[in-house]
Amino acid sequence: MIGIFKQKHPANVLFLLVYALVLKFSLFLHPVAPDLHPEDNYLYRLILNGLNTLFHHILFLFSLLTFLLLFSQAALFNRIFSHDKVLPKPTWLPGMSYILITSLLPDWNHFSAPLLINTIMIWVWYRMLDLYNSQRPGTAIFNIGLWVGIVSLLYVPAVAFLLLVLFGLLTMRPFRIREWFVGLLGFTFPYYFLFLILYLSGHWSWADIVPRIVFTVPAFPTSIWVSLGMAWLVIPFIIGGYYVQKNLGKFLIQIRKSWSLLLLYLLVAVVIILINRVNSYENWIIMAVPFAAFHAAAYYYPQRNIGPLLLHWLIVAYILFMNYFI
């Protein structure tokens with residue numbers, strides 16, 4: 001399987017679809033209704049109410065939408081990885097790793113605001129990569145800030161992604177205060193419309209608008225299976241980090257900055273999971289994008305295939321057993 005996805009072949013998109021169906025078919029066997037949480041913001045509540053009306057609370061349709069979102073995220077992430085040559089050769093390993101990672105914890109297969117955020121943040125990461133060679137980055141920076149502002153209207157703790165925008169500008173661009181202000185202006189732009197709508201509808205209240213940021217301890221694993229899922233998340237990440245560091249001197253400057261940006265992405269994602277949420281792991285899917293990048297490196301760089309193959313099939317066996325027999 002590693003050998004198939006390690007090659008860049010048009011048919012691999014079909015293999016990825018079959019791979020995703022095998023790992024995630026339990027989505028359709030045990031559909032779960034999406035819940036509203038205190039951290040879910042105005043835009044997500046509006047989307048969920050609209051979907052409930054459209055789907056008539058049919059859980060299978062939410063499962064189908066969740067599957068399509070996860071698969072499209074994997075395909076988009078893989079396309080960006082190949083386009084920007086984050087790995088030396090085009091490969092389908094990033095998409096495979098994303099599907100594999102998002103199958104490790106059952107909560108990551110629920111329709112939620114953090115799941116929607118991943119689609120937007122994959123695009124934001126791509127636009128930030130392009131800043132390095134951009135001669136006129138003003139429009140791109142404004143759009144990045146705009147989309148991060150929209151993300152925070154889906155999920156309150158995602159306001160921390162503003163840190164990623166600022167740190168990303170430091171990483172990818174020479175320091176120019178004007179560009180920082182453009183990014184901040186883009187971030188606040190969606191809030192202008194929110195304030196206007198709330199004011200005209202008579203629901204204006206500072207208490208409801210200002211994000212309530214409270215740092216909490218994440219939920220501890222409640223079973224050995226959750227602990228194993230987290231272990232399978234971390235082990236390939238460490239291996240991939242080792243190989244990225246080992247090959248860092250061979251990378252072009254832009255590729256080094258790309259990996260630095262992924263680490264910043266992961267650090268901000270950790271901050272987000274520490275904000276306000278203690279009763280589930282749905283918001284942990286925010287970390288899936290940077291984790292998938294390092295997992296892909298763990299499968300790509302080893303010269304002997306036996307190690308990556310064994311690691312991959314152990315994780316697949318765990319996922320299948322957890323999804324179909326637990």
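Contact, as used in these legends, means heavy atoms within 4.5 Å. The structure shown is a predicted model.

**Figure 1. Surroundings of L16 in helix 2.** L16 belongs to helix 2, which covers residues 12–24. With a relative accessibility of 0%, L16 counts as buried, because the term applies to values under 20%. Leaving out residues up to four places away in sequence, L16 touches F5, F71, A74, W92, G95, M96 and I99. For one of these partners, G95, the C-alpha atom lies 7.6 Å from that of L16, although the two residues are 79 positions apart in sequence.

**Figure 2. The whole chain, as context for the close-up views.** The secondary structure consists of 15 helices and 0 strands. The radius of gyration of the chain is 20 Å, which agrees with the value near 20 Å that a compact globule of 326 residues would have. Along the principal axes, the C-alpha atoms fill a box of roughly 65 × 50 × 35 Å. Of the 326 residues, 52% count as buried. Among contacts with a separation of 6 or more, 81% join residues 24 or more positions apart. The chain exposes about 15300 Å², and 71% of this area is supplied by carbon and sulfur atoms. The chain carries 19 positive and 9 negative charges, and the mean positions of the two sets are 18 Å apart.

**Figure 3. W125 and the largest nonpolar core.** The largest nonpolar core of the chain has 111 residues. The residues with the most contacts inside this core are F81, F111, I117, W125, F161, L164 and W259. When neighbours within four places in sequence are left aside, the contacts of W125 are F77, I80, F81, V86, S258, L261, L262 and Y265. F81 thus appears both among the core residues with the most contacts and among the partners of W125.

**Figure 4. P190 within helix 10.** P190 is located in helix 10, residues 177–200. The relative accessible area of P190 is 9%, and the residue is therefore buried, the limit for this class being under 20%. Apart from neighbours within four places in sequence, P190 is in contact with L146, G149, I150 and L153. The C-alpha atoms of P190 and W147 are 8.6 Å apart in space, while 43 residues separate the pair in sequence.

**Figure 5. W225 and residues of the chain from Y318 to I326.** W225 is placed in helix 12, which comprises residues 224–246. A relative accessibility of 27% makes W225 partly exposed, because this class lies between the 20% limit for buried and the 50% limit for exposed. Beyond residues up to four places away in sequence, W225 touches Y318, F321 and I326. A distance of 7.3 Å separates the C-alpha atoms of W225 and M322, which are 97 residues apart along the chain.

**Figure 6. Two loop residues with positive phi, H56 and K85.** H56 is found in the loop between helix 4 (42–55) and helix 5 (59–83). Its phi is near 55 degrees, a positive value in a residue other than glycine. H56 counts as exposed, with a relative accessibility of 62%. K85 occupies the loop between helix 5 and helix 6 (93–101). K85 is not a glycine, yet its phi is positive, at about 55 degrees. The relative accessible area of K85 is 58%, so this residue is exposed.

Key: Residues are numbered from 1 along each chain as its sequence is written. This is a predicted model: local features need pLDDT of at least 70, side-chain atom pairs count only at pLDDT 80 or more; totals for chains, interfaces and linings use all residues. Side-chain values use heavy atoms; hydrogens and water are left out. Helices (H or I, at least four residues) and strands (E, at least two) are DSSP runs, numbered from the N terminus. The radius of gyration is taken over C-alpha atoms; the globule rule is 2.2 Å times the number of residues to the power 0.38. Buried means under 20% relative accessible area, exposed over 50%, partly exposed in between (1.4 Å probe, protein chains only). Accessible areas come from the Shrake-Rupley method with a 1.4 Å probe; for residues, only the protein chains shown count as cover. Lys and Arg count as positive and Asp and Glu as negative; His and the chain ends are not counted. The place of a charge is taken as NZ of Lys, CZ of Arg, CG of Asp or CD of Glu. A nonpolar core is a set of buried Ala, Val, Leu, Ile, Met, Phe, Trp, Tyr and Cys residues joined through side-chain atoms within 4.5 Å.
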